[in-house]
Each structure stands twice: as C-alpha cells, then as structure tokens.
Amino acid sequence: MPGLTLGDTLPNLEVETTHGKIKLHDYVNNSYTIIFSHPGDFTPVCTTELGMMAAYADKFAQRGVKLLGLSCDDVNSHNEWIKDIEAFNNGHKVTYPIAADPKKNIIKQLNMVDPDDTQSPSRALHIVGPDKKIKLSFLYPASTGRNMDEVVRALDSLLKASKHKIATPANWKPGEPVVIAPSVSNDEAKEMFPQGFDTADLPSKKEYLRFTVV
C-alpha cells in the first residue's frame, strides 16, 4: 500500500469520536491498539463488522488491546447507527469509540483509501504497537467483510513475537508450536527456550526450522 504502512509511525491526529475528542497517540498510550475503518454508517457489511468487534471486545481487552473504529459519517450518525449495531448483534454493547470522518480526510492520512476508488474508504485495519508504529495491516475491498478470528490470531502472533525471538508458521493457532528466529543460534536457543525445541530433519540438513512452544 502507498503511504502509511508497516513500521511507520501513526500520525498523531485529533479526531472527533462517539467518546469525545481524542488524540491518537494519547489514546494508544502504552497499549496495542486496533484501528479499523468502514465505508459508511447504516451499511450492511459494516454493521456486521462493528457488531462482531463488540462481541469480541472482551477477547481484545483480555490481551490489553484497545479498539478504535472509524467511519465516514459524523458523530450524530454514529450514535444512531450504534443502536442498529447492538440490536443486530444480540445486544453486545459498542463500548469502543467510533471516529467521525465526514470529509474523508482521516482515511487518507491513515492510508485507509480503497485503491480502486480513491474517493472511498476501504475496509482497512491497522494494529498499532505501544511505540505508535504500525505492526500489521489488513486491506479489504468494500465488498469483503473481515474475519475477526483472523484478527485475533494475527494479534496473538504479534504479541508472542514481541516477547520472544520467534515467528508463527503458516496456519498457526494459539497453543501450537512456533518457530525460533533464524538469528538465534542453537546455543542461544537452549538458553532462551529451556523447555527445549525440535529441529526438522530436512534434505538440506540445514537446522533452520526449529519448533518450540511458548
């Protein structure tokens, strides 16, 4: 994606939200934060997505992660829309703020514009770290709703990698083995991972695929 992308610092914008004015860096503070954009209020896929974010709010809170929605309408519209979101999603309360962007200025600064229609927002999602940098981004077209389980899975991968010198393999799920970073020697791995690790026996005989559980 052009513009704001992985490793970039989140711009410290002041935004109007359903919880009042906030500055993005103050909101993130020392937490991981998920910022997710939507094309507009009272739209079908967005209503289901914000409802699922509300349903998953406890999962994110357990991980110490904050949520911030963004939609290209004003706060009054957001507050009315929230009633529909909560009613459709079995009463799960929208406890996170939703930022207003009726002039579509914020989505441009946060790189949440649909590449196929630069006047419209995409279904973009940034995971921002405590250092205010973009750690992971999803970009979907307006026609495709997000998979919240994948958001949680990717978040869990980031959180583990922030604490250990590991990466998560394809199709990884929490509780499954992870791989030790190639920069870690076997001697270092024995110290870092006293629980031990298994090395895959590969035709190359290179010992780079090492699995452990953390």
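Which residues does Tyr96 touch, not counting those up to four places away in sequence? In this predicted model, the list comprises Thr18, His19, Phe36, Leu50, Met53, Ala54, Leu67 and Gly69. Tyr96 is also one of the residues with the most contacts inside the largest nonpolar core, together with Ile34, Met53 and Phe60. That core has 30 residues. Two or more residues are given to this core by each of β3 (32-38), α2, α3 (57-62), β4 (65-71), α4 (75-88), β8 (123-128), β9 (134-140) and α6 (148-163). The largest share, seven residues, is that of α6. Another core lies apart from it and has 21 residues, including Tyr27, Ala99, Ile107 and Val128. As a general background, nonpolar side chains in soluble globular proteins tend to be buried together.

Helix α2 also holds a position of interest in the record. An unreviewed UniProt entry places the feature "active site" at Cys46, and this residue sits in helix α2, which covers residues 44-55. Is Cys46 buried or exposed? Cys46 counts as buried because its relative accessibility is 0%. When its neighbours within four places in sequence are left aside, Cys46 is in contact with His38, Pro39, Gly40, Trp81 and Arg123.

One of these contacts, Trp81, leads on to helix α4, where Trp81 is buried along with Val75, Ser77, His78, Ile82, Ile85 and Glu86. The buried residues of α4 pack against β1 (14-17), α2, β4 and β5 (98-100). The length of α4 can be checked with simple arithmetic: at 1.5 Å a residue, its 14 residues should span 20 Å, and the end C-alpha atoms are 20 Å apart, so the two values agree. Both ends of the helix have a local detail to look for. At the start of α4, a side-chain oxygen of Asp74 comes to within 3.3 Å of the backbone nitrogen of Asn76. Just after α4, Asn90 adopts a positive phi of about 55°.

A strand pair completes the picture. How do β8 and β9 pair, in the parallel or antiparallel sense? These two strands pair in the antiparallel sense, over six bridges, and Ile127 stands opposite Leu136 in β9. Together β8 and β9 form a hairpin, with five residues between them. In the turn of this hairpin, Lys132 has a positive phi of about 70°. Both strands also return to the theme of the opening paragraph, as each gives two or more residues to the largest nonpolar core.

Technical notes
Residues numbered from 1 in each chain as written. Predicted model: local features only at pLDDT ≥ 70, side-chain atom pairs only at ≥ 80, totals over all residues. Heavy atoms only, no water. UniProt positions renumbered as here; feature names shortened; annotations may be inferred. Helix = DSSP H or I, 4+ residues; strand = E, 2+ residues; numbered from the N terminus. Buried < 20%, exposed > 50% of the residue type's maximum accessible area, 1.4 Å probe, protein only. Contact = heavy atoms within 4.5 Å. Core = buried A, V, L, I, M, F, W, Y, C linked by side-chain atoms within 4.5 Å. Expected span 1.5 Å × (residues − 1). Polar contact = N/O pair within 3.5 Å; in protein donor to acceptor, adjacent residues only side chain to side chain. Pairing = 2+ DSSP bridges.
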